[in-house]
Amino acid sequence: HRLQITDVVPKLLHLGRFRFSSEMIHTLFVMSNTGEIIMEKHWQGTIPRSVGEDFWTNYVVKAATFRDVLPIIATARYYLVHIQRSNLFFLAVLHGEVPPLMTLELLERIASLFLDYFGSLSEDVLKDNFVTCYELLEELADNGFPVTTEPTLLKDLVPPPSLLNRLRSAASAPATSSSSSPPVHLEHSAVPWRKAGVRYANNEIFFDVVEELDAIIDVNGQLVSSEITGKIEVNSRLSGMPEVLTSFVNPQVMEDVAFHPCVRYARYEQDRSLSFIPPDGCFELMRYRSHYSSPAPFYVTPKVSLHKDSGRVNIMMGLKGLGGGPTDKGVHDVRCTVQLPENTESAKLEATVGSYFFDTLTKELRWDVGRLTSQKSPSLTGSIYATSGTTFPEQACPTVLVDFRIPMTALSGIKIDTVLITNERYKPYKGVRALTKAGQYQIRLV
């Protein structure tokens, strides 16, 4: 359920000027993958926790997988909008009609902000940082409307957790926090997303091109549909107020672009280059979408045949692109996931490469291959068995999900050509990396 967000939504979110409706988010629930409500934030009155519990019971539990839960659900009394990140559900409860893309974007900002602050996103991490989480939600939105969503500004208002602050908090001593005395330099900055007076001993800027490949492969191994969603992340450690000009190789492959508010859109329309004054630190410069019609860089041939009380599993894979292609250095962190029938009791398999695990609760078969190279063609073969007294249905394993990473590769063909720094006298170090990973990569068995 991927919804593309235009350039307008992130900019209005950043400025806090989206006022299409007199109402916005009433309540935010953060739920674990077991349905437990970890956090709740009420902006416009109190919504009972039973709303979140009903969402879990009536929609999540009844769905075949978490991926099948609709992102926007209309109930008799509320609208429920949610995203899933790292086995956590971020659920927004709305009373009236609100622009859905804006709500989804705000939930994305909340999840990415927690990840940026704490380094990882999990139930334990949120419980260990309750105070910081609620402080961020207070600054991020007012009465349910987004106000300050720029991480650079929020870090001046709410300091990220540190060992020193935790020790002071444990000793009941006041922590050194810029929120107690708002930074003056923000008011005098020429741009709202960058502090004034930034200084570094070593000036450097890094670009990461990260792409996700969504694809559906039919039972014959033919490509049914594929699409790439990409983003460019920047880590800027530049002194002063630099101007950055970035040009691309093959910029025409990028469609449905969405920019950080710092990007001058008029310059992009002129010659497809990005001109901007970067925020300090890490930020997402842009998002884009690209069509991908080439064959998959590797092949996976799964076969699951079910009989009365047993079944046979045979999965093989290997590389396609050899000799300087995108997979010349291998495909990393390869994993295959097969949803087996609910009455599966056990699995006896053999993997030539990697290891497998059968989850008796979720009935998922996961095969962790690791790195896929041209020297080996891994396979997983064996049998599965049904619970005593039951039989397997004829067709119960519709798809195989594949996860992977291809480092130093952007399958869309987009490349950063030049990075120029002006308005400052120093010569910074500049670095560019690329990464392609699996999004919704599905192989059909029927």
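1. Is Cys262 buried or exposed? In this predicted model, Cys262 has a relative accessibility of 4% and therefore counts as buried, the cut-off being under 20%. Cys133 is buried as well, because its relative accessibility is 0%. As for sulfur pairing, the structure holds zero disulfides.

2. Some totals for the chain come next. Its secondary structure amounts to eight helices and 23 strands. Of the 446 residues in the chain, 48% are buried. Among the contacts with a separation of 6 or more, 70% are between residues 24 or more positions apart.

3. On the nonpolar cores: the largest has 39 residues, and Phe298, Val402, Phe404 and Tyr441 are those with the most contacts inside it. Phe298 can serve as an entry point for inspection. With residues up to four places away in sequence not counted, Phe298 touches Val402, Phe404 and Tyr441, and also Gly318, Leu319, Lys320, Val331 and Leu372. Another core, of 35 residues, lies apart from the largest one; Met39, Val81, Phe118 and Leu136 are among its members.

4. One sheet deserves a separate entry. It is open, has three strands in the order β12-β10-β22, and its pairing is antiparallel. The edges are taken by β12 and by β22 (415–422); each has a single partner strand, so one side of each is left without a neighbour in the sheet. On average, neighbouring strands here are turned by 15° against each other, direction ignored.

5. Within that sheet, the pairing of β10 with β22 can be given in detail. Strand β10 covers residues 243–249 and pairs with β22 in the antiparallel sense over seven bridges. At the residue level, Val244 stands opposite Ile421 in β22. In general terms, the strands of a sheet pair through backbone hydrogen bonds, in either a parallel or an antiparallel arrangement.

6. Where does Ser273 lie? Ser273 is in the loop between α8 (265–271) and β12 (274–276). Its relative accessible area is 5%, so Ser273 is classed as buried. Two side-chain polar contacts involve this residue: one of 2.6 Å to the side chain of Asp271, and one of 3.4 Å to the side chain of Arg267. Leaving aside neighbours within four places in sequence, Ser273 is in contact with Arg267 and Tyr268, as well as with Leu245, Thr246 and Ser247.

7. Backbone geometry: Asn87 is not a glycine, yet has a positive phi of about 65°. Asn87 belongs to the loop between β4 (79–85) and β5 (88–94). Is Asn87 buried or exposed? With a relative accessible area of 52%, Asn87 counts as exposed, because the cut-off for that class is over 50%.

8. Met408 should be checked in the same way. Met408 has a positive phi of about 55°, although this residue is not a glycine either. Its position is in the loop between β21 (399–407) and β22, and β22 is one of the edge strands described in point 4. Met408 has a relative accessible area of 53% and is therefore exposed.

Technical notes: Residues numbered from 1 in each chain as written. Predicted model: local features only at pLDDT ≥ 70, side-chain atom pairs only at ≥ 80, totals over all residues. Heavy atoms only, no water. Disulfide = S-S within 2.5 Å. Buried < 20%, exposed > 50% of the residue type's maximum accessible area, 1.4 Å probe, protein only. Core = buried A, V, L, I, M, F, W, Y, C linked by side-chain atoms within 4.5 Å. Contact = heavy atoms within 4.5 Å. Helix = DSSP H or I, 4+ residues; strand = E, 2+ residues; numbered from the N terminus. Polar contact = N/O pair within 3.5 Å; in protein donor to acceptor, adjacent residues only side chain to side chain. Pairing = 2+ DSSP bridges. Axes fitted to C-alpha atoms, helices over the stretch in contact; angles between N-to-C directions.
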